[in-house]
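Trainee: I have a structure to look at and I'm not sure how to read it. Please take me through the features one at a time.

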Amino acid sequence: MYPYGWRRGEHAVLGQDDGRAVLGAAELGEEPGERASLVQFSSAFCQPCRATRRILADVAAMVEGVAHIEIDAEDRLDLMRALGIEKTPTVLVLDAAGRIVRRAAGMPRKVDVIAALGAAV
């Protein structure tokens, strides 16, 4: 069990590596981080999404080679369905290869994001 809703990455219909979904620039809409990526699925009127954006941007700025990528849920319903994402904000932690190593729904605490990022770097 992982703290505060973090779970191991789950299977998806996208590219697979060792049974885990692999997300690259084509799926994310921009280049992932060299070491890891914090991928946030947001919606326009989501208050927790705004706070999550600040938290993830802060963490990405603290750790070299980590990117924060925000995806508008309404624009990428196909990707949300493929990944089984049902609400915003949902945060995925990707390793350097683009594999989902952790995921959580809801607004995370900064300390929990840092801990989850440890699984990717």
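Mentor: Let's start with a single residue: E70 has a relative accessibility of 30%, so E70 counts as partly exposed. The scale goes like this: buried is under 20% relative accessible area, exposed is over 50%, and partly exposed is in between, using a 1.4 Å probe and protein chains only. Keep in mind that this is a predicted model, where local features need pLDDT of at least 70 and side-chain atom pairs count only at pLDDT 80 or more, while totals for chains, interfaces and linings use all residues. Residues are numbered from 1 along each chain as its sequence is written, and side-chain values use heavy atoms, leaving out hydrogens and water.

Trainee: With which residue does E70 form a salt bridge?

Mentor: The general idea is a side-chain nitrogen of Lys or Arg within 4 Å of a carboxyl oxygen of Asp or Glu. Here E70 pairs with R53, and their closest N and O atoms are 2.7 Å apart. The two partners come from distant parts of the chain, 17 residues apart: R53 is in helix α2 (residues 47-62) and E70 is in strand β4 (residues 66-72). Those names come from DSSP runs, numbered from the N terminus: helices are H or I with at least four residues, strands are E with at least two. R53 is partly exposed too, at 34%.

Trainee: How many salt bridges does the whole structure have?

Mentor: A search of the whole structure turns up five. One of them joins D58 to K110, with the closest N and O atoms 3.4 Å apart. D58 sits in α2 and K110 in helix α4 (residues 110-117), so this pair ties together parts that are 52 residues apart in sequence. D58 has a relative accessible area of 39%, which means it is partly exposed, and K110 is partly exposed at 34%.

Trainee: And D112 with R109, is D112 buried or exposed?

Mentor: D112 is buried, at 6%. Its partner R109 is partly exposed at 42%, and the closest N and O atoms of that salt bridge are 3.0 Å apart.

Trainee: Now the overall layout. How many helices and strands does the chain have?

Mentor: There are four helices and six strands, and along the sequence they follow the pattern β-β-α-β-α-β-α-β-β-α.

Trainee: What order do the strands have in the open sheet?

Mentor: Strands of a sheet pair through backbone hydrogen bonds, either parallel or antiparallel. We call two strands paired if DSSP finds at least two bridges between them. This open sheet has four strands in the order β4-β3-β5-β6, with mixed pairing. β4 and β6 (100-105) are at the edges with a single partner strand each, so one side of each has no neighbour in the sheet. On average, neighbouring strands here are turned by 15 degrees against each other, direction ignored. For one pair, look at β3 (residues 36-42) and β5 (residues 90-95): they are antiparallel over six bridges, and A36 stands opposite D95 in β5.

Trainee: Which strands does α2 lie across?

Mentor: For angles, axes are lines fitted to C-alpha atoms, for helices over the stretch in contact, and the angle runs from 0 to 180 degrees between N-to-C directions. Contact means heavy atoms within 4.5 Å. With that in hand, α2 lies across β3, β4 and β5, at about 170 degrees to β3. α4 lies across β3, β4, β5 and β6, at about 130 degrees to β3.

Trainee: What does T52 in α2 touch?

Mentor: Leaving aside residues up to four places away in sequence, T52 touches Q40, P89, V91, M107 and P108. T52 is at 0% relative accessibility, so it counts as buried.

Trainee: How many residues has the largest nonpolar core?

Mentor: A nonpolar core is a set of buried Ala, Val, Leu, Ile, Met, Phe, Trp, Tyr and Cys residues joined through side-chain atoms within 4.5 Å. The largest has 16 residues, and L23, V39, F41, L83 and L92 have the most contacts inside it. β3, β4, α3 (77-83) and β5 each give two or more residues to this core. A second, separate core has 14 residues, including V66 and V113.

Trainee: Last one: which residues form the disulfide?

Mentor: A disulfide is a covalent bond between the sulfur atoms of two cysteines; the cut-off used is sulfur atoms within 2.5 Å. The structure holds one, between C46 and C49, with the sulfur atoms 2.3 Å apart. Both C46 and C49 are buried.
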